[in-house]
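Visitor: I would like a close look at a single part of this model, and then at what surrounds that part. Please take your time over the answer.

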Amino acid sequence: MSRSHSSAAGPSSSLEQSLAEMLRKLRSPQILWPILLTVLTLALYGRTLSYQFINFDDDAHVYENPDVQSGLSLKGFFWAFEIHGPSQWHPLAWISHQLDWQLYGADPAGHHATNVLLHWVGVLLLFRAINQLFRSLSA
């Protein structure tokens, strides 16, 4: 009887140890902070997925711009590196808009999803850079 009890306790305690180890790793700042930053980024920017285009500059930059609406192409790629308007040289933004239009067309949710993704990646990269900086300063 005690034999079956001890064999049942073996896998159970192994499972408990595994769960405890997983929880310990999750509490690590290297895991906890990126998870927290991901949740915050999605909470702040995720609601934009239901927004429409705005008339501030989305018309000129996206939905009324034939160079963006033609999608990503070699001609469009070179166009993106030209200066458009007074002091507007931002080729990566133009290329992103072209790719968004090619993928999502006139659906603003797709365009906003790309922006949420880019903000999220930027937040995690900034976290990593700051983390590395403070590690090197404390060494």
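Guide: The part to begin with is serine 87, which in this predicted model sits in the loop between helix 5 and helix 6. Serine 87 has a relative accessibility of 77%, and because exposed means over 50% relative accessible area, this serine counts as exposed. Its distance from threonine 48 can be given in two ways, for the two residues are 39 positions apart in sequence, while their C-alpha atoms lie 28 Å apart in space.

On one side of that loop is helix 5, which covers residues 74-80 and contains leucine 74. Leucine 74 is likewise classed as exposed, with a relative accessible area of 63%, and this leucine joins Phe77, Phe78, Phe81, Ile83 and Trp89 in making a nonpolar surface patch of about 680 Å².

On the other side of the loop is helix 6 (91-104), and this helix leads to the largest pocket, since helix 3 (58-63), helix 6 and helix 7 (108-138) are the elements that each give two or more residues to the pocket's lining. The volume of this largest pocket is about 220 Å³, and of the 14 residues that line the pocket, Asp58, His97, His111, His112 and Asn115 are the closest to its centre. Helix 7 makes the greatest contribution to the lining, with five residues. By character, the lining residues divide into seven polar, four nonpolar and three charged.

Another loop deserves a look for its own serine, namely the loop between helix 2 (29-45) and helix 3, where serine 50 is placed. Serine 50 has 57% relative accessibility and therefore counts as exposed, the cut-off being over 50%. The C-alpha atom of serine 50 is separated by 21 Å from that of glutamine 98, a residue 48 positions away along the chain.

Conventions: Residues are numbered from 1 along each chain as its sequence is written. This is a predicted model: local features need pLDDT of at least 70, side-chain atom pairs count only at pLDDT 80 or more; totals for chains, interfaces and linings use all residues. Side-chain values use heavy atoms; hydrogens and water are left out. On a 1 Å grid over the protein atoms alone, a cavity is a set of points where a 1.4 Å probe fits but cannot get out, and a pocket is an open set with protein on both sides within 12 Å along at least five of seven lines; lining residues have an atom within 4 Å of a point. Grid points are joined across faces, edges and corners, and a volume is the space filled by probe spheres set on the points. Helices (H or I, at least four residues) and strands (E, at least two) are DSSP runs, numbered from the N terminus. Ala, Val, Leu, Ile, Met, Phe, Trp, Tyr, Cys and Pro count as nonpolar, Asp, Glu, Lys and Arg as charged, and the others, Gly among them, as polar. Patches are made of residues with over 30% relative accessible area and no salt bridge: like charges are joined within 9 Å, nonpolar side chains (Val, Leu, Ile, Met, Phe, Trp, Tyr) within 5 Å. Accessible areas come from the Shrake-Rupley method with a 1.4 Å probe; for residues, only the protein chains shown count as cover. A salt bridge is a side-chain nitrogen of Lys or Arg within 4 Å of a carboxyl oxygen of Asp or Glu. Buried means under 20% relative accessible area, exposed over 50%, partly exposed in between (1.4 Å probe, protein chains only).
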